[in-house]
Amino acid sequence: MGIYLGNVGNIELTRESLEGYKESIVNWSDINPSRNRFSFDFDSSFLVSGDFVEITSTNGVNLSFIDSTGWTDGVVQSSGNWYVFVDELGGIKLYDTFDNSLEGGTTGLIPLVGIIQNIPIKVKIINGGSRLLAAVTDYELNTNRETVDITTLSDEHRQQYSTLISGSGRLTAHWDYTNVSDTEPVHYLMQLVLRTEVGSAFKGKFYVKYGDTVPQAGQFDATQINDALWWEFDGLVTASAVSFAADQMIVGTIDFVATGPIRLKARTQQKRFLLQEDDDKIKLEKPANSHLLLEELE
């Protein structure tokens, strides 16, 4: 029997959106080709840096303000997907990967070109893949529905989700706002609580044991190293707080509720990747660090 400590756990998040498309117009004057930056009318909480969005023209014309080098096949089309960086003035830059979009620099920046006619668009936040939440120190998950406090939810979300809420919890992490190796900083969850229009939604996997981990003490089978056990659910961030002390690390605390079923899942078999002839893994386009797994039939 193995004895496990909390250091074999993890939290994996997927960015979600409760709303569909938001329509607006990209005016020719909204585009700055020299800085590869553009803007359109949207509420300040609609987009945050790192969001994976789908941009579509509503009149069927091509998105000609996005250079052909920014498209997968090099052909400008009427709809496409990119990661966004949002600056302090609401300006938007498009990027090829999540990591590059959080940095907001020149690496992976999609070039823009000027246009002579306005283009009506609709924008939707879509699933850009799951990532580990960085610097988590602890979390708790309560599946007792009777103890859930929903007073912090807005009236709209309280009416919509009060009958679906199945649990609640809290997580604590060392506060950071920069990205490291394709992980989500806790600052993102603090931004989520401010997204009153599209909702502070996320999909979470809260691991009791993450893959490639071993117990702290006791006996264990070497074939169990890749085993993983986790709780999986959809959630809403209800509150966030930051703790400051002169001689301590800055700590962020996030409160959340689970909407819908909370499932305890397990993977108790070794990962098997589909390989190329040279034994390299087959990489998926989005996200960049994902690979194709074999599915074993019973």
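This note comments on one strand and on the nonpolar cores of a predicted model.

1. Burial of strand S6. Strand S6 spans residues 52–57, and 6 of its 6 residues are buried. A student may ask which residues lie on each side of S6. Phe52, Glu54 and Thr56 lie on one side, while Val53, Ile55 and Ser57 lie on the other; all of these are buried, and both faces of the strand are therefore covered. In a regular strand, side chains alternate between the two faces of the sheet.

2. Pairing with strand S7. Strand S7 comprises residues 79–86 and runs antiparallel to S6, to which 5 bridges join it. Within this pair, Val53 stands opposite Trp82 in S7.

3. Pairing with strand S9. Strand S9, residues 119–126, also pairs with S6 in the antiparallel sense, over 6 bridges. Here Ile55 of S6 stands opposite Val123 in S9.

4. The largest nonpolar core. This core contains 25 residues, and Phe38 and Phe65 have the most contacts inside it. Two or more residues of the core come from each of S6, S7, strand S8 (92–95) and S9. The greatest contribution is that of S9, with 4 residues.

5. The surroundings of Phe65. Which residues are in contact with Phe65, leaving aside its neighbours within four places in sequence? They are Val26, Ile31, Phe38, Pro111, Leu112, Val113, Ile115 and Ile119.

6. A separate core. Apart from the largest core lies another one, of 17 residues. Val48, Ala173, Met190 and Phe202 are among its members.

Notes:
Residues numbered from 1 in each chain as written. Predicted model: local features only at pLDDT ≥ 70, side-chain atom pairs only at ≥ 80, totals over all residues. Heavy atoms only, no water. Buried < 20%, exposed > 50% of the residue type's maximum accessible area, 1.4 Å probe, protein only. Pairing = 2+ DSSP bridges. Core = buried A, V, L, I, M, F, W, Y, C linked by side-chain atoms within 4.5 Å. Contact = heavy atoms within 4.5 Å.
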